[in-house]
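Welcome, and thank you for taking a look at this protein with us. Please open the structure and keep the sequence at hand while you read.

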Amino acid sequence: MSTSRDLEAYRRMEDELRTMKQQFEALINNSTVAFLVIDLTGHIVRVNDTFEHTFGWTQEEVLGHYLPFIPEQHRLLFEESLLKQSFFGIASEELCLRKDGTQFIASETVTPIRNEHGDVTSFACILRDITERKASELRLNVSEQRYKSLFENNPNAIYSVDQTGRFTELNPAVEAISGYKPEELLNRDHSELLLPEYVKISYANLQAAKSGERQEMEASFIHKNGHRVDLSVISLPIQVDGEMVGMYCIAQDITERKHAERMINRMAFTDCLTDLPNRRLFKQRLSESIKEAHAQDEQLAVLFIDLDRFKIINDSLGHAFGDHVLQAMAERLKSCITPQDTLSRMGGDEFTLLLPKLNGIEHAITVSQRLLQIVREPLVVEGTEVHITTSIGIALYPDNGLDTDTLMKNADIAMYRIKERGKNNYQFFSDVMNEDAVQNLQLERELRKALERDEFILHYQPQVNVVTGQITGMEALIRWQHPVRGLLSPIHFIPLAEETGLIVPIGEWVLRKACQDGCRWSKLGRLPMRIAVNLSLIQFQEETLVQNIQSILDETGLEPRFLELEITESIAMHNVEQVVAKLEQLVKLGVQISIDDFGTGFSSLSYLKKFPIHKLKIDRSFITDITSDPDDASIVSAIIAMANSLKLNLIVEGVETEDQQFYLHRLGCFEMQGYLFSRPLPVSLLDQLLEQWV
């Protein structure tokens, strides 16, 4: 009975063993790895089906053979490794050979198989083709090396921060840019380095990065040494399993670029001499203020500020001196304004002031009075005391204009009106001024065409020697035969010609025409007469003046000694050394030089001695009351004595009565000009006068 049970148990065990063996065989043959058994001599005892797929050899081709999958040069090394693994299994990587001769890397695990006595009888080998894994590892390694190289050697600061903004990793360039070693910043909040105005922006970027999008910003921080550094920062979200865990940041030092931008911006919007906003920036701020005033239903004022008589200072004392004056005046003007106001230099001696949020007209008046007061206070520059006043034109928004250009134009018009009325004051714009400005603009257009249309004519006023009764000269006086307005005297168009620069071509026309007439009279056999022509300041400052006069003399044939050029005292006092040099060039041509309107300017005897001049012309203002005003008589007497001492000829203009003629004759003045002898006459009437003159 017991034998039967034992037999049954034995059979059950055999069945279980058979099943287990079948399962093991199935497992071995269907495994994704190559399996083989090697005896102690290195010959293959068994292989599974995957071996054939992996290496290409069938079981029949390899059973009993010596390790065909091990390249011959590696077999000795493999045998030595088997001996080392006799007591335990070790996994390694092995270079293997396929039947077709190709090689690949395999992961190899060799485990010793022992008998019941513990002796190693063979080896079980498991081989897995890891070519792809090794390639992936190589790619990953190369990628990691590249990343490490980029991270370690990048000239830009590269760092990462966690969700709270704390540094988690920093490359060496961080120290070069910030002055801090990476370990000094690790785990610190990045905002500790930023300037306050950039902290909120940076944290806003951190929040925005949660959407998974790249962020860009410019920021500034304080270097460890204390100076400012400007950065351009690109931030990329770091995501793990779809969740943002921080930001990866690349920061480029743009300090030099930002400095250059600030310099360019300063050059574009700042006056380099006074450091005030320039015209471009003023117009920009005015435009913005107009929009705000419109939205808030408020007023604003534009003040156009021009320094009176600055040109005289600039020309007589030099441009460097003038620059110092402008800088000093800019500082004075700035002291009168508030931070919300904008003071700008438009160019030359012109400034503009924007008063936004105006508290009524009184506000503009108060500021203007303050400006007038501070400008006219004595100013000492380089040891020289100068006195300057200013003229201010005011335009109000919305009363005098709704846009930038209109307000500035109207403030400018108002400023010119106050200059016409004596300067050193302020003037609000009115519509009447605008009408005048339009008329002046029309007159300017007509004046430009007058030369082309030959609308100018010359009148001449004789200059008489009262002792001999002879006409000694003629003063050429321009008139404009306007096609609509009739005959216009110089007072109606010469100021505009000087303002627009048209005085240069007009003055050249006068010179040429006067020389032509003088030459004609000479050919007609008239007694030699000088032709006196006035030169304006602008004409006199022309670099080509001397050459132009020489050309006109050559062209017309007039002898230079018959041409007399009249300059005013104000011209003579503009940069004395340059004036003397130019006068000497003119005298070398052979022309005569006289000082017109003498006594009304600022000249002194010491300066007068330097000028190579031939004649003084006493201004008519001293003649009108000479017979009744002792002061006028004393002035004329002094001028005559001075002219005699300097051996200068003398002529008096504005003589209208015989009493004036007699009185001047008695004082020692013998050459005169005025209505007593003749009014200025056109050439046709003057020819008749010359025929009748005895």
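## An enclosed strand: β23

Strand β23 (residues 592–598) is largely enclosed by the rest of the structure, because 5 of its 7 residues are buried. Please keep in mind that this is a predicted model.

Strand β23 has strand partners to look for. Strand β22 (residues 563–568) runs parallel to β23, and 5 bridges join the two. One place to find this pairing is Glu566, whose bridge partner in β23 is Ser594. Strand β24 (residues 615–618) also runs parallel to β23, here with 3 bridges. In this pairing, Ile595 stands opposite Leu616 of β24.

## Strand β19 and its partners

Next, move to strand β19 (residues 471–482). How many of its 12 residues are buried? The count is 11, and the strand is mostly covered.

Strand β19 pairs with strand β18 (residues 456–465) in the antiparallel sense, over 9 bridges. Along this pairing, Phe456 stands opposite Trp480 in β19. The two strands form a hairpin with 5 residues between them, and in this hairpin Gly469 takes a positive phi near 80 degrees.

A further antiparallel pairing links β19 to strand β20 (residues 486–488) over 3 bridges. Here Gln481 stands opposite Leu487 in β20, and a hairpin of 3 residues joins β19 to β20. With strand β21 (residues 530–534), β19 pairs in the parallel sense, over 3 bridges. Met474 has Ile531 of β21 as its bridge partner.

## A buried glutamine in β18

Now for a single residue: Gln461, which is placed in strand β18. Is Gln461 buried or exposed? Its relative accessibility is 4%, so Gln461 counts as buried.

The side chain of Gln461 makes a polar contact of 3.0 Å with the side chain of Gln673. The Gln461 side chain also reaches the backbone oxygen of Ser678, again at 3.0 Å. Leaving aside neighbours within four places in sequence, the residues in contact with Gln461 include Gly473, Met474, Glu475 and Leu477. Also among them are Gln673, Gly674, Tyr675, Ser678, Arg679 and Pro680.

## Two cavities

The structure holds 2 cavities of 30 Å³ or more. Rolling a probe the size of a water molecule over the atoms shows where empty space is left.

The largest cavity has a volume of about 290 Å³. Of the 23 residues that line the largest cavity, Tyr159, Phe167, Leu194, Leu231 and Ala251 are the closest to its centre. Among the elements that give two or more residues to this lining are β6 (157–162), α8 (196–208) and β10 (243–253). Which classes of residue make up the lining of the largest cavity? There are 18 nonpolar and 5 polar residues, with no charged residues.

The second largest cavity holds about 70 Å³ of space. Its lining includes Gly518, Trp521, Arg526, Ile531 and Phe562. Helix α17 (residues 503–523) gives the most to this lining, with 3 residues. By class, the lining of the second largest cavity has 7 nonpolar, 2 polar and 1 charged residues.

## Asp687 in helix α25

Two residues from that second lining, Trp521 and Arg526, come up again at Asp687. Asp687 is found in helix α25 (residues 683–692). Not counting residues up to four places away in sequence, Asp687 touches Arg520, Trp521 and Arg526. With Arg520, the link is a polar contact of 3.5 Å between the two side chains.

## Asp39 at strand β1

To finish, turn to Asp39, which lies in strand β1 (residues 34–39). Asp39 has a relative accessible area of 23%, so it counts as partly exposed.

Which backbone atoms does the side chain of Asp39 reach? A polar atom of the Asp39 side chain lies 2.9 Å from the backbone nitrogen of Gly42. The side chain of Asp39 also reaches the backbone nitrogen of His43, at 2.8 Å.

Setting aside neighbours within four places in sequence, Asp39 is in contact with Val45, Thr121, Ser122 and Phe123. Asp39 and Val120 are 81 residues apart along the chain, and their C-alpha atoms are separated by 9.3 Å.

Note on methods: Residues are numbered from 1 along each chain as its sequence is written. Side-chain values use heavy atoms; hydrogens and water are left out. Helices (H or I, at least four residues) and strands (E, at least two) are DSSP runs, numbered from the N terminus. A polar contact is a pair of N or O atoms within 3.5 Å; within protein, one must be able to donate a hydrogen and the other to accept it, and residues adjacent in sequence count only if both atoms are side-chain atoms. Contact means heavy atoms within 4.5 Å. On a 1 Å grid over the protein atoms alone, a cavity is a set of points where a 1.4 Å probe fits but cannot get out, and a pocket is an open set with protein on both sides within 12 Å along at least five of seven lines; lining residues have an atom within 4 Å of a point. Grid points are joined across faces, edges and corners, and a volume is the space filled by probe spheres set on the points. Ala, Val, Leu, Ile, Met, Phe, Trp, Tyr, Cys and Pro count as nonpolar, Asp, Glu, Lys and Arg as charged, and the others, Gly among them, as polar. Buried means under 20% relative accessible area, exposed over 50%, partly exposed in between (1.4 Å probe, protein chains only). Two strands pair if DSSP finds at least two bridges between them.
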